[in-house]
Amino acid sequence: MLAHASNSILAAPLDFSGSHTTTTTPMYTPSTLKPAEVAVALVEQAVAKHNTRLDKTFFKAVLAGVMLSFGGLLDLIISGGSAGLTASNPGIVKVLGGLVFPVGLVMIVLQGLDLLTSNLMIFPMAVMKRAIPWWSIPVNWIVVFFGNLVGSLFFAAILAKYDGLMVDDPYASYVRAFAITKAITPGWYQIFLRGIGCNWLVCIAVWQGTGARDTLSKIVSVWFPIFVFVACGFDHVIANMFSLSLSIMLHSELTTDLYIRKSLIASLIGNIIGALFVGLPAVYFYLGDWHADSDGMRDVEEARIERKTSVPSDSEKTA
């Protein structure tokens with residue numbers, strides 16, 4: 001018995017410091033941000049974008065137009081190549097197109113590019129909280145609009161038409177018919193209303209993607225609202241820049257003048273309102289007592305945003 005006790009004593013670690021060793025349980029990190037945290041993160045994004053150089057903003061918008069067009073092209077290939085299925089089960093084709101289109105927005109979110117429809121939400125939020133000046137809204141929206149347009153036109157011309165992917169039937173015929181059902185047959189007010197529904201869902205996708213902490217969660221969070229808007233046939237002003245511009249390049253009945261007057265303007269205004277349907281309630285619900293100065297965010301640039309929980313590197317401490 002004494003031998004057993006002595007063995008236990010010898011096996012136990014000796015502590016001469018007089019302190020007792022305690023075990024710490026690692027803190028649980030939620031997989032998503034709380035709604036109030038998401039609202040703050042979106043305002044911080046707007047502040048960072050406001051302080052980013054305009055040339056960077058423009059080229060990031062160009063790339064965003066290209067990324068979104070990748071998803072749009074895949075949607076057109078699946079829908080245009082399924083003529084028999086469209087005739088018998090058109091709803092299935094819409095679902096298939098909706099399932100593949102979100103890849104474009106996922107790439108935009110993960111790369112941190114600039115898409116107009118998400119900026120339509122976050123910049124008014126930041127202006128309402130006086131985190132950025134009011135004139136930042138028209139400046140950013142105009143720069144990003146034309147950047148998205150350049151990227152969409154480049155993709156339509158180079159990667160959809162001149163490379164031969166969409167110039168032959170059944171794809172070319174489908175794209176020309178798509179322009180009729182998308183921009184010619186509907187009334188102006190119908191495109192406007194579809195624009196509201198579209199960006200309501202797009203901004204929900206951006207909201208959910210911002211709240212997700214890991215990559216897989218971001219992908220899933222973004223995917224489903226975009227799937228819904230595409231399958232339902234709502235109008236996204238930037239997505240239409242690719243598909244309808246391609247139809248004009250393929251000599252559809254849609255003209256550039258008609259596209260601008262009827263589709264582009266109507267969907268753009270609808271997208272603005274749809275974005276406000278997400279952004280304004282978020283400010284009202286979650287940002288009533290939040291001020292930009294409290295987080296020191298007024299002068300931050302986009303590349304320097306860090307999570308408050310992250311540990312700065314040695315170079316950052318030196319700076």
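**Cavity, pockets and contacts in an all-helix chain**

Just 1 cavity of 30 Å³ or more turns up in the structure, which is a predicted model. This largest cavity encloses about 30 Å³ of space. Its lining is made by Leu68, Phe101, Leu105, Leu115, Val202, Ile226, Phe229 and His236. Sorted by class, that lining comes out as 7 nonpolar residues and 1 polar residue, with no charged residues. His236 is the polar one here, because Gly and the residues outside the nonpolar and charged lists count as polar.

Around this cavity, the overall fold is simple to describe. The chain has 14 helices and 0 strands, so a walk along the sequence meets helix after helix, in the pattern α-α-α-α-α-α-α-α-α-α-α-α-α-α. Of the 319 residues in the chain, 45% are buried.

Next come the open spaces. The second largest pocket has a volume of about 630 Å³. Several helices each give two or more residues to the lining of this pocket: H3 (54-80), H5 (90-100), H9 (171-184), H11 (215-232) and H12 (237-249). Helix H3 gives the most, with 6 residues. In total, 28 residues line the second largest pocket, and Lys94, Tyr174, Phe178, Lys182 and Val230 are the ones that lie nearest its centre. The make-up of this lining is mixed, with 13 nonpolar, 10 polar and 5 charged residues. Charged residues are thus part of the lining of the second largest pocket, whereas the lining of the largest cavity has none.

Turning to charged pairs, the structure holds 5 salt bridges. One of them joins Lys49 to Asp114, with the closest N and O atoms 3.0 Å apart. Lys49 belongs to helix H2 (residues 35-50), while Asp114 sits in the loop between helix H6 (103-111) and helix H7 (116-128), so this pair ties together parts of the chain that are 65 residues apart in sequence. Both partners, Lys49 and Asp114, are buried, which means that each has under 20% relative accessible area.

Another salt bridge stays within a single helix. Asp257 pairs with Arg261, and here the closest N and O atoms are 2.8 Å apart. Both residues lie in helix H13 (residues 256-286), with their positions 4 residues apart in the numbering, or about one turn of the helix. Neither side of this pair is buried: Asp257 is partly exposed, with a relative accessible area of 45%, and Arg261 also counts as partly exposed, at 47%. These values fall between the cut-offs of 20% and 50%, so the label "partly exposed" applies.

A further salt bridge is formed by the side chains of Asp55 and Arg53, at 2.7 Å from N to O. Asp55 is partly exposed too, with a relative accessible area of 37%.

Helix H13 comes up again at the surface. Trp188, Tyr189, Leu193, Ile260, Ile265 and Ile269 make a nonpolar surface patch of about 550 Å². The elements that give two or more residues to this patch are helix H10 (188-211) and helix H13. Ile260 is placed in helix H13 and is partly exposed, with a relative accessible area of 39%. That value fits with a place in the patch, because patches are made of residues with over 30% relative accessible area and no salt bridge.

Two more residues show how distant stretches of sequence come together. Ala39 lies in helix H2, the helix that also holds Lys49. Ala39 counts as buried, at 0% relative accessibility. Its C-alpha atom is separated by 8.9 Å from that of Ile122, although Ala39 and Ile122 are 83 residues apart along the chain.

The other example is Trp223, placed in helix H11, one of the helices that give two or more residues to the lining of the second largest pocket. At 23% relative accessibility, Trp223 counts as partly exposed. The C-alpha atoms of Trp223 and Gly104 are separated by 9.7 Å, with the two residues 119 apart along the chain.

Note on methods. Residues numbered from 1 in each chain as written. Predicted model: local features only at pLDDT ≥ 70, side-chain atom pairs only at ≥ 80, totals over all residues. Heavy atoms only, no water. Salt bridge = Lys/Arg side-chain N within 4 Å of Asp/Glu carboxyl O. Buried < 20%, exposed > 50% of the residue type's maximum accessible area, 1.4 Å probe, protein only. 1 Å grid on protein atoms, 1.4 Å probe; cavity = no way out; pocket = protein on both sides within 12 Å on 5 of 7 lines; lining within 4 Å. Points joined across faces, edges and corners; volume = space filled by probe spheres on them. Patch = residues over 30% accessible without salt bridge, like charges linked within 9 Å, V, L, I, M, F, W, Y side chains within 5 Å. Areas by Shrake-Rupley, 256 points an atom, 1.4 Å probe, with all protein chains shown as cover.
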